[in-house]
Amino acid sequence: MSGTKLIISHAPHIKGFGSVPGMMYGVILALLPASLAGVIFFGLPALMVIATCVVTAVVTEWLMCLLMKKENTVMDGSAAITGLLLALTISPLMPLYMAAIGSVVAIAIGKVLFGGLGYNIFNPALVGRGFLVASFPTFMKTWKFLDATTTATPLTLWKFGGEGTPLIKLFIGNVGGCIGETSALALLIGGAFLIFAKIIDWRMPAAYVGTVAALGGILWLIDPAKYPGPLFQVLAGGLLIGAFFMATDLVTTPVTRLGTWIFGIGAGIIVIVIRAWGGLPEGVMFSILLMNALTPLINRYTRPKIFGKGKKK
Amino acid sequence: MLKFKGSTKMKTFKQGIHPHDFKEKTEHLPIKKSQPPQKVVIPLSQHLGAPCEPLVKAGDEVKLGQKIGDSKSKISAPVHASVSGKVMSVDNAIVIQSDAQNTPDPSMKPHGELNSLSAEKIRSIVREAGIVGMGGAAFPTAFKISPPADKPIDTVIINGCECEPYITADHRMMLEMPDEIVAGAQAIQKAVGARNLIIGIEANKPDAIEVMRQKRVEVVRVKPKYPQGGEKLLIKAVLDREVPSGGLPLDVGVVVSNVATAIAVNTAIRSGLPLIERVLTVTGNGVKQPQNLLVRIGTTFADVISQCEGLTEDAAKVIMGGPMMGVTQDTLDVPVVKATSSILVLTRSEAKEEKVYPCVKCGRCVDHCPMFLVPTRLASYAEHDVNDEFDDWGGMDCIECGSCSYVCPANIPLVHWIKYGKMKMRQSAK
């Protein structure tokens with residue numbers, strides 16, 4: 001004791017496992033296999049894009065905290081995630097200055113202007129990506145391999161050329177696409193880790209991927225010549241990175257279990273609608289952003305039935 | 001082997017948390033009678049409800065067990081001298097200097113066999129003995145066992161869960177005083193006219209379950225999970241009945257009493273001794289010699305801790321009650337009161353303050369709230385004085401168990417804000 005004052009605090013006086021930075025660094029760890037796969041398949045340009053996005057995101061947040069005279073929040077790890085996620089969802093051919101602009105927009109407009117971590121409505125990485133898609137559309141459409149052959153993504157090949165891609169290639173990842181979307185295997189490893197570490201709720205990827213597979217399957221049964229099979233729908237494009245790493249973003253998705261199901265199913269429906277009938281080959285980004293916008297409403301209308309209260313209000 | 005129903009499958013409630021129980025320090029230590037204190041401090045309000053008026057003044061001589069404070073209010077419980085001696089001062093608490101004689105008050109006498117007592121008589125004995133719920137809530141027991149005629153009670157549940165980490169007082173009482181528990185429980189059962197008597201015990205106390213089963217009472221083994229000892233959740237687990245929002249256990253035909261309360265009822269009937277002592281657990285890494293002690297009400301924490309070889313060098317936080325719901329104390333001069341189930345002392349490293357982050361809407365609090373509330377939203381409403389929404393989202397249904405704060409990765413003091421919101425609601429209702 002030695003005469004010092006006793007500490008006064010409110011209950012509880014013990015804490016469970018887990019912290020905000022711990023969860024954030026867990027997500028970064030889970031993104032490493034997909035990042036590695038991107039670098040393996042797309043080489044040095046991919047690594048440069050990743051480095052640019054992450055560094056720009058972190059520096060942007062640090063500068064904005066400084067400018068707004070707010071506590072420096074860089075160390076919580078969330079800015080680095082935004083940068084990394086943005087890098088993984090753009091083309092390895094993207095000029096670095098464009099990647100940097102995307103990163104600045106993601107952090108500055110997507111996150112800090114809303115009030116910083118916890119207050120943003122939309123997934124910041126997708127805000128940055130949306131900005132890049134609108135501003136530099138050509139660079140979001142071309143893809144290149146190590147051997148310098150350029151190619152379209154499997155979804156584009158299917159939609160605008162009716163050409164299939166072997167499922168095994170999609171699974172391993174040696175296909176055209178964004179840096180982190182290419183290897184389903186790497187994304188599944190990271191996603192499994194997040195579920196196992198209880199950082200994300202398994203319900204979200206289950207609802208999202210499940211809906212895409214189910215609806216994709218129905219379309220394929222109706223007209224196999226026109227629509228790809230359900231496995232192709234799941235493995236091609238950005239669905240898996242979206243389902244495990246973006247629809248599971250804590251801040252911009254519902255807090256209730258029922259809300260999580262609704263978000264996942266809703267996003268899945270939007271993906272299929274865009275892929276099947278929309279003007280774009282891919283709909284993951286829009287599906288998540290749209291559901292982000294609905295999240296406050298979902299939270300409000302999926303409140304759990306309170307213990308001891310008869311009917312849900 | 002499986003003679004009693006419900007013995008194979010553990011019953012429970014939904015959600016809640018699984019904190020480490022930290023009970024290993026004291027669960028095997030028999031209850032030790034502490035040395036009688038030289039001075040006791042007896043607060044006039046040790047219960048929910050109206051505080052007592054003092055019946056003595058400074059300079060008076062009092063005897064052991066003498067009533068020294070009472071109230072005419074229906075929801076109240078008198079207080080008694082826990083030593084014989086001289087009243088030093090009367091303020092919010094009555095301070096008595098002991099004469100070390102323990103001269104009993106002549107009014108204390110056995111009330112005879114339970115068979116010979118009417119329900120009304122049992123209630124008046126319990127009332128006069130100043131018995132309150134000893135699990136922590138300190139609700140006056142006499143009022144609890146006086147159900148209105150339109151609310152028939154069919155079941156008395158004796159609460160032997162002791163779901164708060166660290167505390168082992170109830171566990172030891174079940175092992176060492178099972179007959180007293182059963183006798184007290186039967187008295188409560190008779191007072192409320194209940195057909196059934198059930199003891200709910202968490203499965204992490206198999207020895208207590210075994211001992212109580214040998215006493216031929218129905219034991220329901222419940223899953224070790226916090227806050228299983230909350231009476232609404234115990235009723236849910238044992239009987240699958242939901243106490244309505246804003247209601248009491250008697251609305252679903254149940255009265256819940258803690259094992260220590262049952263013992264106090266039995267003591268009052270058998271010997272006439274009012275509630276002047278209780279068993280508590282003194283524990284934590286900040287205490288040199290953790291123990292389960294039988295302590296006179298009014299003994300100061302300093303006195304109790306000195307009987308446990310004192311505090312360690314790095315002791316930093318002293319808590320009355322358990323680590324989930326207990327209240328920190330800024331001095332060791334505070335007394336043990338009727339609801340003090342534990343004195344827990346944490347060390348500097350255990351009491352370290354964690355950095356608070358903004359809510360990241362992870363939903364863990366929602367997933368663990370045993371009352372199915374949305375704590376993050378309630379805390380925010382409370383913090384920003386949005387009283388209507390706080391009420392609409394069920395803020396008043398919070399049982400203040402602290403599970404939300406426990407799981408929050410952002411270290412937001414959720415339950416603290418919700419308690420604050422409830423307080424504001426009660427104030428604005430006045």
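Here are some notes on the predicted two-chain model above, point by point.

1. **Ground rules.** Residues are numbered from 1 along each chain as its sequence is written, while chains are lettered from A and ligands numbered from 1 in the order in which they are written. Since this is a predicted model, local features need pLDDT of at least 70 and side-chain atom pairs count only at pLDDT 80 or more, whereas totals for chains, interfaces and linings use all residues.

2. **Confidence.** Let's start with how far the predictor trusts itself; pLDDT is its confidence in each residue, from 0 to 100. Chain B has a mean pLDDT of 92, with 98% of its residues at 70 or more. Among the elements of chain B, strand β3 (residues 53-54) is lowest at a mean of 91, and α12(B) is highest at 96. Please treat the start of the chain separately: residues 1-7 of chain B have pLDDT below 50, and this stretch has nine contacts in the model beyond near neighbours in sequence. For the complex, the predictor gives an ipTM of 0.87 and a pTM of 0.90.

3. **Domains of chain B.** The bounds come from an automatic or database domain assignment. They split chain B into domain 1 (37-98), domain 2 (113-271), domain 3 (277-347) and domain 4 (364-429). Domains 1 and 3 of chain B have C-alpha centres 22 Å apart. Nine residues from domain 1 of chain B and eleven residues from domain 3 of chain B make up their contact; here two residues are in contact if their C-beta atoms, placed from the backbone, lie within 7 Å. On the domain 1 side of this contact there are six nonpolar, three polar and no charged residues. In this scheme Ala, Val, Leu, Ile, Met, Phe, Trp, Tyr, Cys and Pro count as nonpolar, Asp, Glu, Lys and Arg as charged, and the others, Gly among them, as polar.

4. **Where the chains meet.** In the contact between the chains, 53 residues of chain B touch 33 residues of chain A. On the chain B side, the elements giving two or more residues are β15 (315-320), β16 (327-329), α12 (403-407) and α13 (414-429). Helices (H or I, at least four residues) and strands (E, at least two) are DSSP runs, numbered from the N terminus. Of these elements, β15(B) gives the most, with five residues. By class, the chain B side has 34 nonpolar, eleven polar and eight charged residues.

5. **An enclosed strand.** Why is strand β9 (residues 155-160) of chain B largely enclosed by the rest of the structure? Six of its six residues are buried, so the surroundings largely enclose β9(B). A residue is buried if 20 or more other C-beta atoms lie within 10 Å of its own, exposed if 12 or fewer, and partly exposed in between, with C-beta atoms placed from the backbone. Both faces of β9(B) are covered, with B:Thr155, B:Ile157 and B:Asn159 on one side and B:Val156, B:Ile158 and B:Gly160 on the other. Strand β10 (residues 196-202) of chain B runs parallel to β9(B) and is joined to it by six bridges, with B:Leu197 as the bridge partner of B:Val156. Strand β12 (residues 254-258) of chain B also pairs with β9(B) in the parallel sense, over five bridges, and there B:Val256 is the bridge partner of B:Ile157.

6. **A four-stranded open sheet.** Chain B also has an open sheet with the order β2-β8-β7-β4 and antiparallel pairing. Its edges are β2 (39-43) and β4 (61-62) of chain B, each with a single partner strand, so one side of each is left without a neighbour in the sheet. Two strands pair if DSSP finds at least two bridges between them. Two bridges link β4(B) to strand β7 (residues 85-90) of chain B, and B:Val62 stands opposite B:Gly85.

7. **A buried proline.** B:Pro290 sits in the loop between β13 (277-283) and β14 (291-296) of chain B. B:Pro290 counts as buried because it has 23 C-beta neighbours inside 10 Å. Not counting residues up to four places away in sequence, B:Pro290 touches B:Lys25, B:Thr26, B:Val282, B:Thr283 and B:Cys308.

8. **A helix in chain A.** The buried residues of helix α4 (residues 96-108) of chain A include A:Ala99, A:Val104 and A:Ile107. Their cover includes α2 (44-67), α3 (78-88) and α5 (124-135) of chain A.
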